[in-house]
Amino acid sequence: MAATSRLPLEFDAQSLSTVSRRDFVRVCTMAAAAVGLGPLAAERFVEAAANGLRPSVIWLQFQECTGCTESLLRASHPAIDTLLFDLISLDYHETLFAAAGHQAEAALKQAMAANAGKYVCIVEGAIPTKDNGIYCMIGGRTALDIVQDVAGKAGAIIAIGSCASWGGVPSADPNPTGAVGAHAVLKGKTVVNIPGCPANPYNLLGTVLQYATYGTLPELDAENRPKFAYGSTIHEHCPRRAHFDAGRFAKKFGDEGHRLGYCLYELGCKGPATHANCSVQHFGDVVDAWPIGLGHPCFGCTEQKIAFRVPLHTTVEIDRPTPPDTYPPIHAVQGGVSPIATGVAGAILGGLAGAGYVASRKLTPVASDEPPKSPEV
Ligand code: SF4
């Protein structure tokens, strides 16, 4: 970790304001867009930050790999870690703190007391419950005790990453420590789950800023995930979707279809059953920096019933077979889709013949150089 990312025990955010106003507004706009809010919200975010209204954030870490924190720090255009310190007051974070031991414990108590009932508690990592939670202890206290204490006095609670959302890797069979997500040990509390392995930092930032600026949380789905990010499946907005509809699949890693960017369904892609916005919100501010963009099938990391439970190369049922109407037509070089091609897609769908029909309608010969329409996001 870069030394510049480390915080002193007490720090002055103003001294870290090394980014231009333009970059600052850009990140606020991206964060607002991430939560489905318009440019007006971005303006409100900027205004609130300029007036020193930075929400106090207490970030807890338990059974995890620190991947979610690392992902947050890897955004680079501009450096989101620097911008974060202008947008939020990160009052406790074990990885980023220069303080350790008693100093760190004192900082946690101080932050909790100063902003009781108002701070945002972010939980990273699963919580072990077996044998009274002894498998994860910090400062002599179990993770179970800490999360119930800190989250219990927070204004909002966010579980970042799959481990904190539903147990993630530590909860994989046989789950020797009884690892669970934060919501399972915070009965009666609203815990916003932002799963992902790692979670996308803009989904987190947008949620925190909405809470700080408007005092509200985003609309949540049945798994308590913000609908703005988890309302659609990867498959619905996948750039390889046209190949799926045309029945063009990579059969093995490195084959011609794989090199040509064909659909990865037959290699075990879980995109059709995975709700997340990775296909439109890439990682580290790098275009195509997400699994399918890099040629790997989606692993289903945002879904409790898939990641670390369904084998990597096992195919999943198709949840929503019909392509969105806005999807661009395929410019098939052969001049049109053959019934065989659509038939392959139909066979893969296992009886979901409607998709093949819709695909046929969308596959048109290349008539001109007219650029395809962008998919709706
Ligand atoms: Fe994309 Fe996977 Fe769907 Fe193929 S199966 S279109 S690679 S999400």
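User: What makes the space taken by the ligand stand out among the cavities of this model?

Analyst: In this predicted model, the space that the ligand takes is the largest cavity. Around the ligand there are 13 residues, of which His235, Cys238, Cys263, Leu264 and Cys269 come nearest.

User: How is the shell around the ligand made up by class?

Analyst: The shell has 9 nonpolar, 2 polar and 2 charged residues.

User: Why is the pair of phenylalanine 244 and tyrosine 265 called edge-to-face?

Analyst: The structure holds 6 aromatic pairs. For phenylalanine 244 and tyrosine 265, the centres are 6.0 Å apart and the planes stand at 80 degrees; rings pair if their centres lie within 6.5 Å, and planes over 60 degrees apart count as edge-to-face, so the name follows from both values.

User: What does this pair tie together?

Analyst: Phenylalanine 244 belongs to helix H11 and tyrosine 265 to the loop between helix H12 and helix H13, so the contact joins parts that are 21 residues apart in sequence. Both residues are buried.

User: Why is the pair of phenylalanine 249 and tyrosine 265 called tilted?

Analyst: Their planes meet at 55 degrees, with the ring centres 6.5 Å apart; because an angle that is neither under 30 nor over 60 degrees counts as tilted, that term applies here. Phenylalanine 249 lies in the loop between H11 and H12, so this pair ties together parts that are 16 residues apart in sequence.

User: How do you know that arginine 248 sits over the ring of tyrosine 262?

Analyst: Arginine 248 lies over the face of tyrosine 262 at 5.7 Å from the ring centre, a distance that satisfies the cut-off of within 6 Å.

Methods: Residues numbered from 1 in each chain as written. Predicted model: local features only at pLDDT ≥ 70, side-chain atom pairs only at ≥ 80, totals over all residues. Heavy atoms only, no water. Near = heavy atom within 4 Å. 1 Å grid on protein atoms, 1.4 Å probe; cavity = no way out; pocket = protein on both sides within 12 Å on 5 of 7 lines; lining within 4 Å. Sits in = over half its atoms within 2 Å of the grid points. Nonpolar A, V, L, I, M, F, W, Y, C, P; charged D, E, K, R; others polar. Helix = DSSP H or I, 4+ residues; strand = E, 2+ residues; numbered from the N terminus. Buried < 20%, exposed > 50% of the residue type's maximum accessible area, 1.4 Å probe, protein only. Lys NZ or Arg CZ within 6 Å of the ring centre and 35° of its normal.
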